[in-house]
Amino acid sequence: MTTLWATGTAPDGDDERSTGVQWYGSRLVLRSMGAEHARSLADYRSDPEVARHQRWDPPYTLDQARAFVATTAGLDPLVPGRWVHLAIEAHGEHVGDIGVRGDDEGRQARVEVTIARPWQQAGLATEALTTVLRRLFAAGAHRVEARCDTDDIAAIRLLERVGMRREAELWSAAFRHGEWIDCYSYALLASEWRA
Ligand SMILES: CC(C)(COP(=O)(O)OP(=O)(O)OC[C@H]1O[C@@H](n2cnc3c(N)ncnc32)[C@H](O)[C@@H]1OP(=O)(O)O)[C@@H](O)C(=O)NCCC(=O)NCCS
C-alpha cells in the first residue's frame with residue numbers, strides 16, 4: 001500500500017516547491033501543499049461564498065493559511081487519524097484543495113473538496129474527487145465517506161455525481177459561523193466503486 005503514497009520532505013522556505021504526492025487527472029494535478037499555496041489558499045478561503053459551508057470564518061488571513069499549510073505539507077494522505085490536504089492545480093493555477101483523512105487502520109477515509117469560485121462549475125471538483133477515490137480504492141481502502149451541509153446543493157450534486165450514497169441525515173452535527181447545522185453523510189464502498 002505504501003508505495004502509492006510516495007511522500008517527500010516538507011518545504012521550509014517560501015521559494016521552494018512542495019515535494020510529496022503528485023496525482024494526475026486528465027486536466028489537473030493534486031499536489032502536496034507547500035508555502036507557494038498559502039496566498040491563493042487565503043484568497044479563496046476568504047471568499048464568503050466558499051466559506052459558507054465550511055468550518056472557518058472569513059477573512060482567512062495569510063498567517064492562518066501559512067499555519068494550515070505547515071500542518072499538511074508533504075504528508076502522506078493516508079497518514080492515520082489526521083486530515084491531509086492536497087492542492088488542486090489546473091491550467092497552471094492553484095484552484096482549490098482536497099482533504100483526505102485516513103482512519104487508524106488505513107482502510108477507511110473521509111474526503112472533502114473546495115474549489116475557488118472562478119473555477120467552479122467546470123468539472124474540476126468532480127475530477128479531483130474521482131482521482132482521489134481511484135487512488136484510495138487502488139491502495140486498499142474499503143470505504144470512503146464525505147459529509148456536507150444539508151443545504152449545500154453544489155456539494156450534494158458533486159457527491160452524488162461521483163456515485164456516493166446518502167446514508168444518513170445528521171442533526172445539528174456541524175458548527176458553522178455561530179450555529180449548529182444539519183449534515184448529510186455520504187459513503188462509497190470499494191465493491192460499489194468496482195461495480
Ligand atoms: C462543492 C464544490 C467543491 C463543488 O464544485 P463545483 O464546481 O460545483 O463542481 P464541479 O467542478 O465538479 O462542477 C460541476 C458542474 O460543472 C459542470 N461541468 C462543466 N464542465 C464539466 C466537465 N468538463 N466535467 C464535468 N462536469 C462539468 C457539471 O455538469 C456540473 O454541473 P451541475 O452541478 O449543474 O450538474 C464547490 O461548490 C465548493 O468548493 N464549495 C465550497 C466548499 C464546500 O462546500 N465544499 C463541500 C465539502 S464536501
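## Backbone at His91 and Pro59

His91 sits in the loop that joins β3 (83-90) to β4 (93-102). In this predicted model, the phi angle of His91 is near 55°, a positive value in a residue that is not glycine.

A second backbone feature is found at Pro59, in the loop between α2 (48-51) and α3 (62-72). The peptide bond that runs from Pro58 to Pro59 is cis, and its omega is near 0°. As background, most residues other than glycine have a negative phi, and most peptide bonds are trans.

## Annotated domain

The UniProt record, an unreviewed entry, carries the annotation "domain: N-acetyltransferase" for residues 36-191. Within residues 36-191, helix makes up 31% of the chain and strand 36%. The C-alpha atoms at the two ends of this stretch are 38 Å apart.

## The ligand and its pocket

The ligand takes up the space of the largest pocket. Three elements each give two or more residues to the shell around the ligand: β5 (108-115), α4 (124-138) and α5 (153-161). Of these, α5 provides the largest share of the shell, with four residues.

In total, 20 residues surround the ligand. The closest are Ile115, Gln121, Thr126, Asp152 and Arg161. Sorted by class, the shell consists of eight nonpolar, seven polar and five charged residues.

## Polar contacts and burial

Backbone atoms of two residues pair with polar atoms of the ligand. At Ala125, a polar backbone atom is 3.1 Å from an oxygen atom of the ligand. At Ala122, a backbone N or O atom lies 3.5 Å from a nitrogen atom of the ligand.

A side chain takes part as well: an N or O atom in the side chain of Gln120 is 3.5 Å from an oxygen atom of the ligand. Taken alone, the ligand exposes 960 Å², and the protein buries 75% of that area.

Notes: Residues are numbered from 1 along each chain as its sequence is written. This is a predicted model: local features need pLDDT of at least 70, side-chain atom pairs count only at pLDDT 80 or more; totals for chains, interfaces and linings use all residues. Side-chain values use heavy atoms; hydrogens and water are left out. A residue is near a molecule or strand if one of its heavy atoms lies within 4 Å of it. A polar contact is a pair of N or O atoms within 3.5 Å; within protein, one must be able to donate a hydrogen and the other to accept it, and residues adjacent in sequence count only if both atoms are side-chain atoms. Accessible areas come from the Shrake-Rupley method with a 1.4 Å probe; for residues, only the protein chains shown count as cover. On a 1 Å grid over the protein atoms alone, a cavity is a set of points where a 1.4 Å probe fits but cannot get out, and a pocket is an open set with protein on both sides within 12 Å along at least five of seven lines; lining residues have an atom within 4 Å of a point. A molecule sits in a cavity or pocket if more than half of its atoms lie within 2 Å of its grid points. Ala, Val, Leu, Ile, Met, Phe, Trp, Tyr, Cys and Pro count as nonpolar, Asp, Glu, Lys and Arg as charged, and the others, Gly among them, as polar. UniProt positions are given in the numbering used here, feature names are shortened, and annotations may be inferred rather than shown by experiment.
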